[in-house]
Structure formats: C-alpha cells, structure tokens
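Work through the exercises below with the model open. Try each task before reading its solution.

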Amino acid sequence: MKTGLLRFAILICFLPVYAQTYGQATWTIGTDQINPNEYYGVTVANGMMGLISSPNPLEMKDIVLNGVFDTYGRGRVSNILRGFNFANLQLDVDGRRLGPKDFSNLSQEINMKEAVFISRFDYQDKISVTCSVRALRHLPFSAMVEMEIEAKKDVVISPGNVIRAPEILREVKNFYSMIDRPHVKIPLMTSVAQSPTGKHTVAASCSYLFEAHDNPALIHEEWDYDMHLVRFVKNLKAGERYRFSVVGSECSTAHYADPHNEAERLTIYAALEGRQRLISRHLAAWDDLWKSDIVIPGDEAVQRDVRFALYHLYSFVREGTAYSPSPMGLSGLGYNGHVFWDTELWMYPPLLLLHPEIARSLLEYRYERLEVAKQNARSHGYDGAMYPWESDGIGQEATPVWALTGPFEHHITGCIGWAFWKYYQVTGDKTWLRDRGWPVLKEVAAFWTSRVEKGSDGKYHIINVVAADEWAENVDDNAFTNAVAIMSLRYAVQAAAILGETPDPRWGEVAGQIAILAFPDGVTREHATYDGETIKQGDVNLLAYPLGLITDKKQIKKDLDYYEPRMSPDGPAMGHAVLSILHNRYGDSRKALELFVKGYKPNGVPPFGVMAETAGGTNPYFATGAGGMLQAVLSGFGGLEITDEGVSQVKSTIPGSWKSLTITGVGKDGRTFMVKP
C-alpha cells in the first residue's frame, strides 16, 4: 500500500499545478509537469485504433488495432496486436536532431470535446512547436498528426514522418510510391508485415498533407530496425508560421482481405479529403457523441473527471461493429485485449443508457460468437451456450491455463443474458429481440438448466465455480453466479412470451428454486463456505444493484453493512461504485460521494490522472473502473433505472457541492433527466 499512497500523493501534488497553469476547464486535462519515469499516457482512439501518448511530444508510444489477435506472449494464448506506429515525427533544426533534452516549456493536454491530444514545446530561442494527434472518428482505420512551427529566428527545419514496426511483427516490407496526377501528388509510405504466427497480415500507410502551394521535395530513407521515413527541408524566416499534417491508415486481414491495398486506398481517400474536411467531420462525429453528456455545475473537478471517463468509453467503442472492449479498452495490451464480464456488467450499462446504438455493437460481438460458445458448453458437458471468461477475436476461451477463472467463472454467461435483455428494455426493439436477443437468451437459459444440480433440500445448486469475488475459487452456490442465473432464466421466459415462443418449462421452475444462501442472522452468504474473509470485489451487493434480485431495503442495508468493511483496499476500482449507488438509494449522499471518489481518485496516475485498475496500480486505462464510476453517477446520483417500461428515474440525492446533475441524450429518444438539491 505504500506504493499506492505514494502514487496518490504524486497525483494530488500534480492537480494544483494543473489548476494554476490551465484553470478548471472541464473539457481539458493537461500538464506541464512531465516526468518520463512517472508517465502514463492518455489515449486518443476511435473504437478501431488507439494511439497512446508518450512523454516525447514527437512520438506516440503505441498504436493498438481492435480485433486483431494472434498467439504470442503472456499465457500461451491469443493477444491483441500492436500495430505499425505511423504517428511518429522527427524534427531537425539547423542540422540538429531534436531529442528529449532539447524540449523546453513542454506541456501536453487532451481536449476531450474535440478528441485531440496536443503537445507544445520550444527549442532554444529558435522555434515553438505544436503537435496535434487525432484518431479520426469518422474514419475508423485512420488518424492524423499535425505539426505547426513558429520560427523565432531564421532557421532550417527538416521534419520527417516515421513508420516503425513493433518487434512482434515479422517479415516486414517497406514501400514508397507517388500517386502523380496533374492536379495532385500523393506520396505513400507503406509497411506490411505478418503477425507472430503468420495468422494475419498487417499494413499501414501514410502521406503528407501540405498547405496550398506548398510542395517541398521529399526524401525517402529506409533504415535498419524495421523503420523507414520520408523527410523534407524547409527554410523559415523569423516570425513565419509553418504547418503540415500526416494522415495514416492501418488495417489487417481481420478487417480486409487485402490490407496492403486497402490501407493505401484509405490513406489516399483521407489525403484527398484534405485537412479541414477531415477535422470538420471528426468534430461533427464527436459532437454527436457528446449530445449524450453528464453536466455537473458547481464541482468542476468532478465534472472533468466524469467527462474523462465518458471520453474513454466513447473512444474505445463504435457503432456498427461487432467488437467489444477489453478492461483496458484501446489503451494498451492489458489483459491481452480479451473481453470479460467487465464489458457487460460495467462498461455496457452507461453506454446502453447514453448510446444504445453503440451498446448494440457490444452485443453483436457476443451474438456473432454464439456458435463458439455452444461448442464450449458441449466440451464441458452442458447444453446451450457457455461463454468464455476471456474471449478473443473468434470467441474461444483464451484464459491462460494457470488461471482457474477460464474453466470455472461461469457467471459471465448470465451477465451476457442479462445485458441482452437490458437492451430490449431500453429500446423495445422487437425485431432485434427476435433476430439477436432470443437466439442468445434461449441458449443462455439452456446452459443454466443443464448447469444446476438438484439437492436433497429440493433446491437447485450451482456447484464448483469461481465467484465474482475471484478470491473465492471452486466454491458452491456463489451468490452472484446463482443470482445472475436466476435473472437470465427469467428474462428468457419473458422474451419467449413477447415473441410467442414456447419456453422450456424448466426455465421458470429452475429460476424459482436456485438457492441463495444466508447466514443465521439473515445476511446473504457469498458462497457455501464463506465465513467473513476479505473479498476482492463486490459480489453479494450486486444482487441489489444492478441485478435487482434483492429489493427489500432492510436486506440490502444488512448486506451492505456486512460486506462494505470486508472489501479489500487492493481490489479493482469498480467495487466501490456499487456501494456508492446503494448508499445513495438510502439518501446518504455524503457516504455515496465518499465511496464514489474512493472508487477512482486513488487510482489516478501521473501526469493526466488516467485510471489504473487498483490504487497504486500501473496498468491504465482501466475502462471497467470508468464504467463503474459512471454508473455511480447515472444510476446512483442520477437515479436512472432500466425496467420493462424503459428508462425511468427513482428518487436520488446529489452531493451538496453540486448545484444540479443533468444527464442528456438518454435512451433511444435522447431524453434529459435532472436532479436538483
């Protein structure tokens, strides 16, 4: 815990510098305190590619491509790939290649409203430089980097755009060509490689965008270490401002049959769109996303933090795909890029409330992998669909074999059934329910009816699971597992009634008889052998929220009082969010705020406060925690609930420092909900 307290102290020390230097703008997070040894980057992403910042203002640390997996690295299982890094620049000034020691007055910021990452620095008394990076929202496979240079003296500059291949890619081939037409010239620098086992081909291509009448001579250089670059030379007069852009595209055989040609086509398209049109369409796409917002006047710090969480969730997903975010989204390779319950129970609910069209993409990921889940059930001797604990590109079980969660953490299947029904409740889309929801719900129900065992007590029991509290391994009758099985069985029965289908009569019977255990004093027991030990994360309390299986307020309070002090301080961020919601339902906004802040603030790491999984952790960005945090705002302080009647609002309270809470763009009709003191 000493490490966690130290990191928290570092963050707290950082915040007043931010406030003094940049003010309390609720759309911008920035810093001029950049220590390369204590630097955890912020991500610009568009749901398909994520670009992670570095302390070097001319480079991005990594580019992560969504949906591209191959077997390498940790655990002998599939891992999401780093892609080619085409967003790197070099800059020579009067013959000197600039490096970290040359940057003075360095600052960086993320503008969340416009989804642009900006670095600024000076070099001696010669130039001031601004670099901007955008993952273009309207072009899922494309990004743009801009450099603007202000000359303070007469100087000779030589910028270069670099493509670097990460070590995991093999058989790297580099190409350079010029699309030459009478009215336009488009230089194309392209790299193509194989993934570690050769399963995928990955390709990236990029081109310069120059201002009108600016057509410098370009020089292509190929270097060892799987990199090449295109540079040019420019003479600048004192007081002159000069700007250029680089647009790049990247894809793989997970996306296109011919990624080499497609990456070049996409880059050509972007180049001919031009800088201003690219930015305008990017901004328009983000304006649409921000129509669904959370507005908290009176507390600028919390407002900024909430928007930071929203920004990340919006960045990691997109409409019209069949991709689902991993716990770390597109911020890196954490958890191998696999998909867990983190999606359905934590990230999905805020997206469902604010952007159901995006939430549908997350469900489509599970629908398209239904057949693999059915095979998984058969392999374990069960009926229906048994979804994997860690799911990869094809939906197979991708948990490393040393982790018992793979074969035993079965509640994930119930979480998926729960999520599918929630989408129908919010949208009322009966066509979707028949085509997508029902096929999944009936297979989830079939799994649970084959998974339960009837005991001598006449109850149904679920034997030998890893609990939602993952420190409880190979236990019987885990409260959350049993509860989510009950709910998903009930939802399958409801769906059948709506669609005129005939449900399996066992679904209702089993749902009514699955055991939920209790201690003699009435506290819900986490599992059959639980005896008060510290727990990793929420389990029993999830039965009250979000499942809604326990509705009696006295029972909810009894469980809350018992399990809250047993939550580990080393547990993941989202656990305290549920406790915050439950305290809010009892009108204790002070305690709710305390737990809300406790659930994310100690997890922030410098210099931007991006969220790690745990207090003192170093694996940001933890999108699961962002989902929990946002649920505490939406369903706790905001009182939003999803019922058979759609999205409704129950009585809730907000902290005294908040003048009001307004939630815009909710549900299929984009409604607005407000809470006042």
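**Exercise 1. A loop serine**

Task: Find which residues Ser326 contacts beyond its neighbours within four places in sequence.

Solution. Leave those neighbours aside, and Ser326 is in contact with Gly334, Gly337, His338, Met347 and Ala623. Contact here means heavy atoms within 4.5 Å. Next, place the residue: Ser326 sits in the loop between H4 and helix H5 (341-354). Helices (H or I, at least four residues) and strands (E, at least two) are DSSP runs, numbered from the N terminus. Finally, check burial. Ser326 has 3% relative accessibility, so it counts as buried. Buried means under 20% relative accessible area, exposed over 50%, and partly exposed in between (1.4 Å probe, protein chains only).

Before going on, note the ground rules. This is a predicted model, in which local features need pLDDT of at least 70, side-chain atom pairs count only at pLDDT 80 or more, and totals for chains, interfaces and linings use all residues. Residues are numbered from 1 along each chain as its sequence is written, and side-chain values use heavy atoms, with hydrogens and water left out.

**Exercise 2. H14 against H15**

Task: Determine how the axes of H14 and H15 cross, and which residues meet.

Solution. Start with the axes. Those of helix H14 (residues 575-585) and helix H15 (residues 589-598) come within 8 Å and cross at roughly 170°. Axes are lines fitted to C-alpha atoms, for helices over the stretch in contact, and angles run from 0 to 180 degrees between N-to-C directions. H14 and H15 are therefore roughly antiparallel to each other; that label applies to angles over 145 degrees, while under 35 is roughly parallel, 65 to 115 roughly perpendicular and the rest oblique.

Now list the contact. H14 supplies His576, Leu579, Ser580, His583 and Asn584, which meet Lys591, Ala592, Leu595, Phe596 and Lys598 in H15. The residues of this contact divide into four nonpolar, four polar and two charged. Ala, Val, Leu, Ile, Met, Phe, Trp, Tyr, Cys and Pro count as nonpolar, Asp, Glu, Lys and Arg as charged, and the others, Gly among them, as polar.

**Exercise 3. The buried side of H15**

Task: Identify the buried residues of H15 and what covers them.

Solution. The buried residues in H15 are Ser589, Lys591, Ala592, Leu595 and Phe596. They cover an arc of only 160° around the axis, which puts them on the same side of H15. The arc is that of the directions from the helix axis to the C-beta atoms. The cover includes helix H4 (300-316), H14 and helix H16 (623-637).

**Exercise 4. H6 against H9**

Task: Describe how H6 and H9 pack.

Solution. Helix H6 (residues 356-368) and helix H9 (residues 411-427) pack at about 145°, with axes 11 Å apart. From H6, the contact uses Pro356, Arg360, Leu363, Arg366 and Tyr367; from H9, Ile412, Ile416, Ala419, Phe420, Tyr423, Val426 and Thr427. The split is nine nonpolar, one polar and two charged.

**Exercise 5. Backbone checks**

Task: Locate the cis peptide bonds at Pro607 and Tyr621, then compare the burial of Asp94 and Asp477.

Solution. One cis bond joins Pro606 and Pro607, with omega about 5°. Pro607 is in the loop between strand S23 (604-605) and strand S24 (610-611). Another joins Pro620 and Tyr621, also with omega about 5°. Tyr621 is in the loop between S24 and H16.

Turn to phi. Asp94 has a positive phi near 50°, and Asp477 one of about 50°. Asp94 counts as partly exposed at 37% relative accessibility, whereas Asp477 counts as buried at 5%.
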